[in-house]
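Q: I should like to learn how to read the features of a protein model step by step. Could we take them in turn, with the general idea before each case?

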Amino acid sequence: MRRYLALDVGDRRIGLAVGGEGGGIARPLRTLTRHALAADVTAIGELARKEEVTVLLIGLPLTLRGDEGPQAARVRRFADALAPLGLPLEFADERFTTTEAQIQGAADVDAGAAAILLEDHLRARRA
């Protein structure tokens with residue numbers, strides 16, 4: 001059974017959530033303030049080991065038309081830097097997850113957005 005670490009990657013912060021296929025519910029973890037790429041990768045790797053995840057799910061910020069723009073390219077470059085962790089990468093459309101987290105009143109909006117991303121992904125996999 002897959003256990004996911006979802007990442008809502010921004011230029012200054014990365015929202016993190018964890019969950020698995022069994023329950024279909026994601027748990028927001030925290031928001032990682034970005035520093036240097038190597039430190040960010042190390043922190044994600046440590047969290048992935050601690051949470052025993054088997055897949056990294058990365059939110060892809062598509063344009064309103066569903067195309068990949070400059071921000072999506074930055075996220076893909078960040079995802080490339082995660083390759084040494086040895087975990088499979090999956091991407092999912094993360095449009096509107098931050099807005100939804102705000103509407104739901106998430107205490108940590110970035111981690112809440114990552115949880116919504118993961119729940120949407122798990123729901124789509126079940127369908």
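The dialogue below goes through strands, helices, charged pairs and loops in this predicted model.

Q: Let us begin with the strands. In which sense do strand 1 and strand 2 pair, and over how many bridges?

A: Strand 1 (3-9) and strand 2 (13-20) pair in the antiparallel sense over 7 bridges. A hairpin of 3 residues joins strand 1 to strand 2. To follow one pairing, find L7, whose bridge partner in strand 2 is L16.

Q: Which way do strand 2 and strand 3 run, and how many bridges join them?

A: Strand 2 and strand 3 run antiparallel, joined by 6 bridges. One pairing to look for is G15 with its bridge partner T31 in strand 3. Strand 2 is mostly covered, with 7 of its 8 residues buried.

Q: Do strand 4 and strand 5 pair in the parallel or the antiparallel sense?

A: Strand 4 and strand 5 pair in the parallel sense, over 5 bridges. Here L56 stands opposite L89 of strand 5.

Q: Which side chains of strand 5 point to the buried face?

A: The side chains along strand 5 alternate. E90 and A92 point to one face and are buried, whereas L89, F91 and D93 point to the other and are not.

Q: Let us turn to the helices. Why do residues three or four places apart point the same way in an α-helix?

A: An α-helix has 3.6 residues a turn, so residues at that spacing point the same way. Among the buried residues of helix 1 are D40, V41, I44, G45, L47 and A48. The cover over these buried residues includes strand 1, strand 2, strand 3, strand 4 and helix 2.

Q: What span should helix 1 have, and how far apart are its ends?

A: Helix 1 has 14 residues, so at 1.5 Å a residue its span should be 20 Å; the end C-alpha atoms are 20 Å apart, which agrees. Just after helix 1, E52 takes a positive phi of about 55°.

Q: Is D40 buried or exposed?

A: D40 lies in helix 1 (residues 37-50). Its relative accessibility is 2%, so D40 counts as buried. The side chain of D40 reaches the backbone nitrogen of H35 at 3.2 Å. Leaving out residues up to four places away in sequence, D40 touches L32, T33, R34, H35 and F78.

Q: What caps the N-terminal end of helix 4?

A: D108 is the cap: one of its side-chain oxygens lies 3.3 Å from the backbone nitrogen of D110. Helix 4 holds 18 residues (residues 109-126), so it should span 26 Å, and the 26 Å between its end C-alpha atoms agrees. Its buried residues, including A111, I116, L117 and L118, pack against strand 1, strand 2, strand 3, strand 4, strand 5 and helix 3.

Q: Charged side chains come next. When can they pair?

A: Side chains of opposite charge can pair when their charged atoms come close. A search of the whole structure finds 10 salt bridges. In one of them E90 pairs with R2, with the closest N and O atoms 2.3 Å apart. E90 lies in strand 5 and R2 in the segment before strand 1, so the pair ties together parts that are 88 residues apart in sequence.

Q: How far apart are the closest N and O atoms of E51 and R3?

A: In this salt bridge they are 3.2 Å apart. The pair links E51, in the loop between helix 1 and strand 4, to R3 in strand 1, 48 residues apart. R3, R27 and E51 are linked in a network of salt bridges.

Q: Which parts of the chain do D110 and R13 link?

A: Their side chains meet in a salt bridge of 2.6 Å, N to O. D110 is in helix 4 and R13 in strand 2, 97 residues apart. With a relative accessibility of 15%, D110 counts as buried, whereas R13, at 36%, is partly exposed.

Q: Finally, where is E94, and which side chain of opposite charge is nearest to it?

A: E94 is in the loop between strand 5 (89-93) and helix 3 (97-103). E94 is buried yet has no salt bridge, and the nearest side chain of opposite charge, R95, is 8.4 Å away. Apart from its neighbours within four places in sequence, E94 is in contact with D8, G59, L60, P61 and L117.

Technical notes. Residues numbered from 1 in each chain as written. Predicted model: local features only at pLDDT ≥ 70, side-chain atom pairs only at ≥ 80, totals over all residues. Heavy atoms only, no water. Helix = DSSP H or I, 4+ residues; strand = E, 2+ residues; numbered from the N terminus. Buried < 20%, exposed > 50% of the residue type's maximum accessible area, 1.4 Å probe, protein only. Lys, Arg positive; Asp, Glu negative; His and termini not counted. Salt bridge = Lys/Arg side-chain N within 4 Å of Asp/Glu carboxyl O. Contact = heavy atoms within 4.5 Å. Expected span 1.5 Å × (residues − 1). Polar contact = N/O pair within 3.5 Å; in protein donor to acceptor, adjacent residues only side chain to side chain. Pairing = 2+ DSSP bridges.
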